[in-house]
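Q: I am new to this structure and would love a close look at its aromatic pairs and the nonpolar core. Could you walk me through that part?

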Amino acid sequence: MSRKRLLYGLLFYALVGFPLNAATVSFLIIETGLPSRAPANPHSINWENGLFDVFFEQGHIVSNAPMMRLPEKPAGDLPDEAEGEFMVAQEGGVEFFIIALLEFSPLRGMELAKPHNVSLRLFRITPLTLIYEQQYSDNTPRPAREEYDALKKTVLGLVAHLY
């Protein structure tokens, strides 16, 4: 009987004794340079899905704000247009906020543009601190799966800067 208690005690300690490092993360995708009435861009959707996939796979609690489209690149690390979504995340108890700023060149005809530059900015919410910023620029044509895997690797680089 004492062996069972010892086994259960060790199992309980293993489950409860080790701290879990799950962070709450919210993100916002901001598109710039696209016409306001253009349909959803598949590259923007890939970035949104990539952020969800990577952070969820790493065991974090993830939420997002609706994508935002601006006519031009906003000034500052935390753009004025994003402050409302930042405040919603802060009120919801989120620890980290990510802005993915996708910069598109003007569309030529009906082609679906790929962003020429992506800025990823990781903020700690309390106190408001820009922890890390990364630029991603890859205009090499390649299959969709390879492109998605490359952007996931980039997003994975943000996870290392959470704590």
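A: Here is a guided look at the aromatic pairs, then the core, and then the strands beside them.

Please keep in mind that this is a predicted model. Let's begin with the rings. A search of the whole structure turns up three aromatic pairs, and two of them are described here.

One pair is made by F27 and F52. Their ring centres are 5.0 Å apart and the planes meet at 75 degrees, so the pair is edge-to-face. An angle over 60 degrees is what earns that label. If you trace the chain, you will see that this pair links distant parts of it: F27 sits in strand β1, residues 24-32, while F52 belongs to helix α2, residues 42-57, and 25 residues separate the two. Their surroundings can be compared as well. F27 is buried, with a relative accessible area of 1%, whereas F52 is partly exposed, with a relative accessible area of 26%. The cut-off for buried is under 20%.

W47 and Y136 form another pair. Here the ring centres lie 5.2 Å apart and the planes are at 75 degrees, so this pair is edge-to-face too. Again, distant parts of the chain are linked: W47 is in helix α2 and Y136 is in strand β6, residues 129-136, with their positions 89 residues apart in the sequence. W47 counts as buried at 3% relative accessibility, and Y136 counts as buried at 15%.

From W47 we can step straight into the core. In soluble globular proteins, nonpolar side chains tend to be buried together. The largest nonpolar core in this model has 26 residues, and W47, L51, F55 and I98 are the ones that touch the most other members. Five elements each give two or more residues to this core: β1, α2, β4 (96-103), β5 (117-124) and α4 (144-159). The largest share, six residues, comes from α4.

F55 is a good place to pause and look around. Leaving aside residues up to four places away in sequence, F55 touches V25, H60, V62, I98, V155, L158, V159 and L162. Apart from this core lies another one, of 15 residues, with L28, M68, V94 and F97 among them.

Now follow I98 into the strands. The bridge partner of I98 in β5 is L122. This bridge belongs to an antiparallel pairing of β4 with β5, which extends over eight bridges. Seven of the eight residues of β5 are buried, so this strand is largely enclosed by the rest of the structure. On to β6: seven bridges join β5 to β6, and these two strands also run antiparallel. Within that pairing, R121 has E133 in β6 as its bridge partner. A hairpin of four residues makes the connection from β5 to β6.

Our last stop is the loop between β6 and α4, where D138 lies. D138 is buried, with a relative accessible area of 12%. The side chains of D138 and T140 are joined by a polar contact of 3.0 Å. D138 can also be placed relative to P115: the two are 23 residues apart in sequence, and their C-alpha atoms are 8.5 Å apart in space.

To retrace the tour, W47 takes part in an edge-to-face ring pair with Y136, and W47 is also among the residues that touch the most other members of the largest core.

Technical notes. Residues are numbered from 1 along each chain as its sequence is written. This is a predicted model: local features need pLDDT of at least 70, side-chain atom pairs count only at pLDDT 80 or more; totals for chains, interfaces and linings use all residues. Side-chain values use heavy atoms; hydrogens and water are left out. Rings of Phe, Tyr and Trp (its six-membered ring) pair if their centres lie within 6.5 Å; planes under 30 degrees apart count as stacked, over 60 as edge-to-face and the rest as tilted. Buried means under 20% relative accessible area, exposed over 50%, partly exposed in between (1.4 Å probe, protein chains only). A nonpolar core is a set of buried Ala, Val, Leu, Ile, Met, Phe, Trp, Tyr and Cys residues joined through side-chain atoms within 4.5 Å. Contact means heavy atoms within 4.5 Å. A polar contact is a pair of N or O atoms within 3.5 Å; within protein, one must be able to donate a hydrogen and the other to accept it, and residues adjacent in sequence count only if both atoms are side-chain atoms. Two strands pair if DSSP finds at least two bridges between them.
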